[in-house]
Amino acid sequence: MVYKAEYIWIDGTEPTGKLRSKTKILADGAELPEWGFDGSSTNQATGDRSDCVLVPVFSCPDPIRGGDDVLVMTEVYTADGKPHPTNTRAALVKTAKKYAKHESLFGIEQEYTFFKDGRPYGFPVGGFPAPQGGYYCGVGSDEIFGREIVEEHLENCLEAGLSISGVNAEVMIGQWEFQVGPLGPLEVADQLWVARWLLYRTAEDFDVSATLDPKPMKGDWNGAGAHTNFSTKEMREDGGYKYIEEACKALGKKVELHVNNYGHGIQDRLTGHHETAPWNKFSYGVSDRGASIRIPLQVSRDGKGYLEDRRPNANMDPYVVARLMVDTVCSAM
Ligand code: ADP
Ligand code: MN
Ligand code: MN
Ligand code: MN
């Protein structure tokens, strides 16, 4: 007997990498081997030296196929055994190891937008729906588009064993969110990429596409972000509040480095409107959804917990965002 392994990787599309996958048939009980692909078709190699290597790093049950089949997240390597330039995970492995004693945890809120027939799901042909206001966490067929897909995606993520902590409808019609975590830096990023793959794959069966475009509709419509909630062991312990404030200050000293690596098109989303702070003005505050970094009210009451970096775009690479946050915050501790 055999089983199917879906090998997933991030390609070399500019400016934002896209997910790719292909299926390998393996003998029952066989371990997941390294595998190759044609990098000249994914912007990862030239035709004359096209072979790239897929190295399995995380696997989980495949909820689409079921049975013994699995999904496999991989890192891309060059033929001579080096991390490919598009492989952002390899650098996170080093940073996570360097600061392992701080036991960093992440919870990422992934926002996204469904599209059907070339417009956001719920937008009428040639016009606009009612202005924003009733869609966030709404109920009813006048406000909600795509719930059947969201439910199926949630079910698939849970069956895959991913640490999804919730889902909700968002401020723009057709826009939704799911959260992954809290988990360590590598775990949260691997799981988020697999959850994204499952989102696209689930929506495929409904003839709907999902996009991580940070600003899918210009004008008075909310963009899509990936708020990144972060804590270290020190922040979670009694008296941790001072470490949270120190972390905010450390992040405030490296604004450009972070904003430039929080997803393409971030200036279009972080405008100072629609629950965002301007991309070039750093601020933090308790309960402030107009700040770059928000300290949740409960955290200020408890005097410990975590912070929420509200800046990352929906299309950010969690391997990059997690690396920068761990590096900036832990190197200042
Ligand atoms: P919001 O109120 O901003 O919409 P959500 O409930 O959508 O918040 O997301 C909060 C996220 O924070 C969840 O993914 C949760 O798992 C995560 N989280 C909770 N505690 C911690 C912690 N100590 N460290 C990191 N992330 C955390
Ligand atoms: Mn949320
Ligand atoms: Mn949200
Ligand atoms: Mn949030």
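The side chain of E177 places an N or O atom 3.0 Å from an oxygen atom of ligand 1. This is a predicted model. In it, 17 residues surround ligand 1. Ligand 1 occupies the second largest pocket.

**Contacts with ligand 1**
- The closest residues to ligand 1 are E109, E177, P182, S231 and E308.
- E308 brings a polar side-chain atom to 2.9 Å from an oxygen atom of ligand 1.
- P182 works through its backbone: an N or O atom there lies 3.4 Å from an oxygen atom of the ligand.
- On its own, ligand 1 exposes 580 Å², and the protein buries 76% of that area.

**Make-up of the shell**
- The shell around ligand 1 holds five nonpolar, six polar and six charged residues.
- Three strands each give at least two residues to this shell: β6 (105-116), β9 (175-183) and β11 (228-231).

**Domains**
- The chain splits into domain 1 (2-87), domain 2 (105-224) and domain 3 (229-333).
- Domain 2 and domain 3 each contribute at least three residues to the shell around ligand 1.
- Between the C-alpha centres of domain 1 and domain 3 the distance is 32 Å.

**To recap**
- Ligand 1 has side-chain partners in E177 and E308, and a backbone partner in P182.
- Domain 2 and domain 3 both take part in the shell around ligand 1.

Definitions and conventions:
Residues numbered from 1 in each chain as written. Chains lettered and ligands numbered in written order. Predicted model: local features only at pLDDT ≥ 70, side-chain atom pairs only at ≥ 80, totals over all residues. Heavy atoms only, no water. Near = heavy atom within 4 Å. Polar contact = N/O pair within 3.5 Å; in protein donor to acceptor, adjacent residues only side chain to side chain. Areas by Shrake-Rupley, 256 points an atom, 1.4 Å probe, with all protein chains shown as cover. 1 Å grid on protein atoms, 1.4 Å probe; cavity = no way out; pocket = protein on both sides within 12 Å on 5 of 7 lines; lining within 4 Å. Sits in = over half its atoms within 2 Å of the grid points. Helix = DSSP H or I, 4+ residues; strand = E, 2+ residues; numbered from the N terminus. Nonpolar A, V, L, I, M, F, W, Y, C, P; charged D, E, K, R; others polar. Domains from an automatic or database assignment.
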